[in-house]
Number of protein chains: 2
Amino acid sequence: MEKDTILVLSGGLDSTTMLYEYRERIALALSFHYGSNHNDKELAFARLHCERLGIRHIVIPLDFIGRYFRSSLLAGAEAVPDGDYAEDNMRSTVVPFRNGIMLSVAAGMAENEGLQYVMMANHSGDHTVYPDCRPEFVEAMSKAAETGTWNRVQLLTPYTLLNKADIARRGKALGIDYSETWSCYKGGEHHCGTCGTCRERREALAEAGINDTTVYDLPVRTSGLK
Amino acid sequence: MEKDTILVLSGGLDSTTMLYEYRERIALALSFHYGSNHNDKELAFARLHCERLGIRHIVIPLDFIGRYFRSSLLAGAEAVPDGDYAEDNMRSTVVPFRNGIMLSVAAGMAENEGLQYVMMANHSGDHTVYPDCRPEFVEAMSKAAETGTWNRVQLLTPYTLLNKADIARRGKALGIDYSETWSCYKGGEHHCGTCGTCRERREALAEAGINDTTVYDLPVRTSGLK
């Protein structure tokens with residue numbers, strides 16, 4: 001298969017699954033260092049998987065985000081709320097137009113390298129919380145990339161209608177060890193197990209029937225977990 | 001008038017005119033340092049005008065562009081072609097999806113600051129050479145910003161149907177001294193006078209009936225100038 005695609009890779013569950021599923025067509029994986037609490041944790045896993053698969057990996061620094069943008073995701077572990085992954089709870093973790101910025105950089109890089117597609121692992125569970133994960137956004141952004149490049153670069157988001165458990169099921173079939181991915185927004189030594197992202201991760205792995213070997217600070221799934 | 005707008009400001013003729021024309025509604029001017037040959041020259045003028053008008057000014061570094069993207073605009077003065085501002089001549093100066101990247105950062109900043117609009121000074125003369133200046137691109141990018149932000153940020157491009165001489169006429173009426181703007185893509189001590197951007201600038205100022213006090217290395221407009 002022709003290598004025609006750039007993948008935006010965080011090192012989390014979703015984009016790591018996409019890296020494995022589409023590895024035959026991924027010419028380059030792009031990660032971003034934007035100063036979030038968990039950035040170093042997730043980038044270490046992004047690097048590990050790219051090395052393992054022999055896929056070129058570049059980390060783009062976006063220091064201005066940490067410097068100028070307000071978000072609990074950028075403000076230390078204490079700022080990240082505990083509890084379910086629901087809109088009112090997780091809204092403070094939004095980094096303004098983060099996907100717009102990352103996809104634009106990836107589109108420029110695709111044009112530069114003569115590649116045709118930029119792939120992102122947004123999924124249906126993201127849509128309520130993050131406006132720049134919704135299908136309307138993805139469609140408009142793809143049109144912007146297409147009209148704004150000679151090469152007519154387009155976006156591909158094959159997970160947009162899946163939920164996180166669907167994605168974990170694909171990863172299970174691909175043999176991915178999810179303890180080698182990072183989700184927790186607090187970015188501590190281990191996954192905290194209680195923030196919205198940890199709860200969503202545990203729930204998805206359980207639903208997919210995966211034996212979750214991730215180390216959590218709160219190891220037992222509490223009854224508060226929906 | 002409410003200050004509701006971020007202007008993408010290069011320090012060139014077009015965006016400097018827009019800064020003066022819309023100064024009542026501009027809350028913040030954003031410039032970008034992306035390693036082009038003429039970046040330092042134009043940013044010095046961007047800073048000067050913002051200080052003069054009392055408008056907040058932030059310079060965002062985009063070092064990855066200089067590091068990873070290929071363009072004669074990034075490759076030293078010798079790489080920039082001389083001659084008319086035509087598609088075949090100027091295409092090497094394209095920086096892949098530069099406007100997409102700058103507008104995305106500006107949209108994120110607008111969302112972060114609770115501002116409603118991002119303004120850019122693209123004009124009709126840009127459209128052939130730069131795909132990310134065309135109306136189709138601007139429309140799609142505006143839709144992407146609107147759907148990808150809670151605040152429904154939109155783009156405004158009031159010069160999109162004007163040519164450079166039209167813009168210079170507006171600047172003349174506003175009393176702008178265009179020797180305090182920078183166009184030359186070579187970024188030398190003075191404007192070279194012979195690259196496509198210099199020729200386009202001189203032509204526009206002449207057409208607008210402005211006494212051009214810019215210092216050019218080639219001071220006499222040659223007969224080769226269309």
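These are my notebook entries on a predicted model with chains A and B.

**Entry 1: confidence**

I began with the scores, and for the model as a whole I noted an ipTM of 0.92 and a pTM of 0.93. For chain A I wrote down a mean pLDDT of 91, with 96% of its residues reaching 70 or more. As a reminder to myself, where pLDDT is low, the predicted coordinates should not be read in detail.

**Entry 2: how the two chains are related**

I then looked up how chain A superposes on chain B, and found that a turn of 180 degrees with a shift of 0.0 Å along the axis lays one on the other with an RMSD of 0.0 Å. That is the relation of a two-fold axis. I also asked which residue of chain A comes closest to the rotation axis, and the entry I made is A:Ala140, whose C-alpha lies at 2.7 Å.

**Entry 3: the interface**

Turning to the contacts between the chains, I recorded 32 residues of chain A in contact with 32 residues of chain B. On the chain A side, the elements that give two or more residues are strand 3 (56-61), helix 3 (63-68), helix 5 (98-113) and helix 6 (135-147). Helix 5 of chain A gives the most to this side, with 10 residues. Sorting the chain A side by class, I have 18 nonpolar, eight polar and six charged residues. I checked as well whether the copies use matching faces: 100% of the interface residues of chain A are also interface residues in chain B, so the copies meet through the same surface.

**Entry 4: the sheet of chain B**

Within chain B I traced an open sheet of five strands, in the order 3-2-1-4-5, with parallel pairing. Strand 3 (56-61) and strand 5 (154-156) of chain B are the edge strands, each pairing on one side only, and the twist averages 30 degrees from one strand to the next. Looking further in, I followed strand 1 (residues 5-8) of chain B, which pairs with strand 2 (residues 26-33) of chain B in the parallel sense over four bridges. There, B:Thr5 has B:Ile26 of strand 2 as its bridge partner.

**Entry 5: helices against the sheet**

I finished with two helices of chain B. Helix 2 (residues 39-53) of chain B lies across strand 2 and strand 3 of chain B, and runs at about 165 degrees to strand 2. Helix 6 (residues 135-147) of chain B packs on the sheet, where it touches strand 4 (117-119) and strand 5 of chain B, its direction making about 145 degrees with that of strand 5.

Note on methods. Residues are numbered from 1 along each chain as its sequence is written. Chains are lettered from A and ligands numbered from 1 in the order in which they are written. This is a predicted model: local features need pLDDT of at least 70, side-chain atom pairs count only at pLDDT 80 or more; totals for chains, interfaces and linings use all residues. Two residues are in contact if their C-beta atoms, placed from the backbone, lie within 7 Å. Ala, Val, Leu, Ile, Met, Phe, Trp, Tyr, Cys and Pro count as nonpolar, Asp, Glu, Lys and Arg as charged, and the others, Gly among them, as polar. Two strands pair if DSSP finds at least two bridges between them. Axes are lines fitted to C-alpha atoms, for helices over the stretch in contact, and angles run from 0 to 180 degrees between N-to-C directions. pLDDT is the predictor's confidence in each residue, from 0 to 100. Copies are superposed by least squares on the C-alpha atoms of residues with pLDDT of at least 70 in both.
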